[in-house]
Structure formats: structure tokens, C-alpha cells
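Visitor: Good morning. I have a model to go through with you, and I will ask about a few parts of it in turn.
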Amino acid sequence: MKRKLFFLTRITVILLFTSINYSYLYGQQRNLRTELLVYILPDSLELPLAEKGNIGYEKAIIASKSLKTALDKIRPLAIGKAFPEWNAADSIKIREDGTKVKAPQFGRIFTLTFKSEEEANAAMEVLKKLPAVLFAEKNSQPKLHADPAYDNDTMASE
């Protein structure tokens, strides 16, 4: 359980930083309120290699029966790779001491697009309950907030 929590925390932090550039470049053309980011475990869903960009979910190769049932219920308008340029070779990093570290597989993060924000919210709740889904969350424009304790240099005294 600790390992899963550690992995999920790392993915969340990395998503925050990478989504800033991604949202800046692509967010202007889309309505992020109707889009979900969903991490789907391997052997549950794949997109056809010949397809580029977003496709209808019916064209996806869905191996998980529970995921197929859920997608048939929530009926997203489109599904695509959140990080289409991600390469599987990027999942292994070598630290300065020579240790190999496995990085999160961004290729497993998909975008699901819906007609309305309400549909996206309902779909997110359905997807969160599936064993094939590690996380499902709204896609959004990340914002950095100021911390008054840090700004006033009161953190050192705590």
C-alpha cells in the first residue's frame, strides 16, 4: 500500500509540472472542464497504433470487462493519450549514483472528453471505482498559490 501511495504521489507531482506546459500549449483549444485525466493500468486499454490524436472510445482496444462496461455507460465523446509523445524508454532514469529508477509511465494517462462538465464529473466518480483505473481527475489549468507564511518568513520559526 505504501508503494502504491508513493507511486501515486510521484505521478501527481510530475503531472502538476508537466501539465503546466501541456495545458498552456493545448488547453486554449479545448474546454478542460469537460475533460478527465485517467491513468488506466496496462493490459486494460490500448489505442490502435494507426490512430493519432483523439478517437471515439469504441475504436479503443478494451481488455478489461469492467472498464468496457463503464465506458459503455459513461460514453465519452473521445479518448486520447494525454502525453502522445511519451516514449516507453523514458520510464527508466539513472540517478547520479548509477542506480536505475523506474519513472511513472505517462503513456498510461489518457484524456476522456465529455459533452458537459456534469457528465465529466459523473464519469469521474464511476471511473475512480474501477480496478483498472489508478486515478481519474479533472484536467485543469494548474495554478500556483502564494503561501503567506513563506512570504512573511514565518516558516523558519515553526
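Visitor: Which residues in H2 meet which residues in H3?
Guide: The model is a predicted one. On the H2 side the residues are Leu67, Ala70, Lys73 and Ile74, and in H3 they meet Ala123, Val126 and Leu127.

Visitor: How do those contact residues divide into nonpolar, polar and charged?
Guide: In the contact of H2 with H3, 6 are nonpolar, no residue is polar and 1 is charged.

Visitor: At roughly what angle do the axes of H2 and H3 cross?
Guide: The axes of H2, residues 65-74, and H3, residues 117-128, cross at roughly 170° and come within 10 Å. Angles over 145 degrees count as roughly antiparallel, and H2 and H3 are therefore roughly antiparallel to each other.

Visitor: Changing topic to S1: how many of its residues are buried?
Guide: Strand S1 covers residues 35-40, and 6 of its 6 residues are buried.

Visitor: Which residues lie on one side of S1, and which on the other?
Guide: Glu35, Leu37 and Tyr39 are on one side, with Leu36, Val38 and Ile40 on the other; all are buried, so both faces are covered. In a regular strand, side chains alternate between the two faces of the sheet.

Visitor: In what sense does S1 pair with S7, and over how many bridges?
Guide: S1 and S7, residues 109-113, pair in the antiparallel sense over 5 bridges. The bridge partner of Glu35 in S7 is Thr113.

Visitor: And how many bridges join S1 to S8?
Guide: S1 is joined to S8, residues 133-138, by 5 bridges, and these strands run antiparallel. Within S8, Phe135 is the bridge partner of Tyr39.

Methods: Residues are numbered from 1 along each chain as its sequence is written. This is a predicted model: local features need pLDDT of at least 70, side-chain atom pairs count only at pLDDT 80 or more; totals for chains, interfaces and linings use all residues. Side-chain values use heavy atoms; hydrogens and water are left out. Buried means under 20% relative accessible area, exposed over 50%, partly exposed in between (1.4 Å probe, protein chains only). Helices (H or I, at least four residues) and strands (E, at least two) are DSSP runs, numbered from the N terminus. Two strands pair if DSSP finds at least two bridges between them. Axes are lines fitted to C-alpha atoms, for helices over the stretch in contact, and angles run from 0 to 180 degrees between N-to-C directions. Angles under 35 degrees count as roughly parallel, over 145 as roughly antiparallel, 65 to 115 as roughly perpendicular and the rest as oblique. Contact means heavy atoms within 4.5 Å. Ala, Val, Leu, Ile, Met, Phe, Trp, Tyr, Cys and Pro count as nonpolar, Asp, Glu, Lys and Arg as charged, and the others, Gly among them, as polar.
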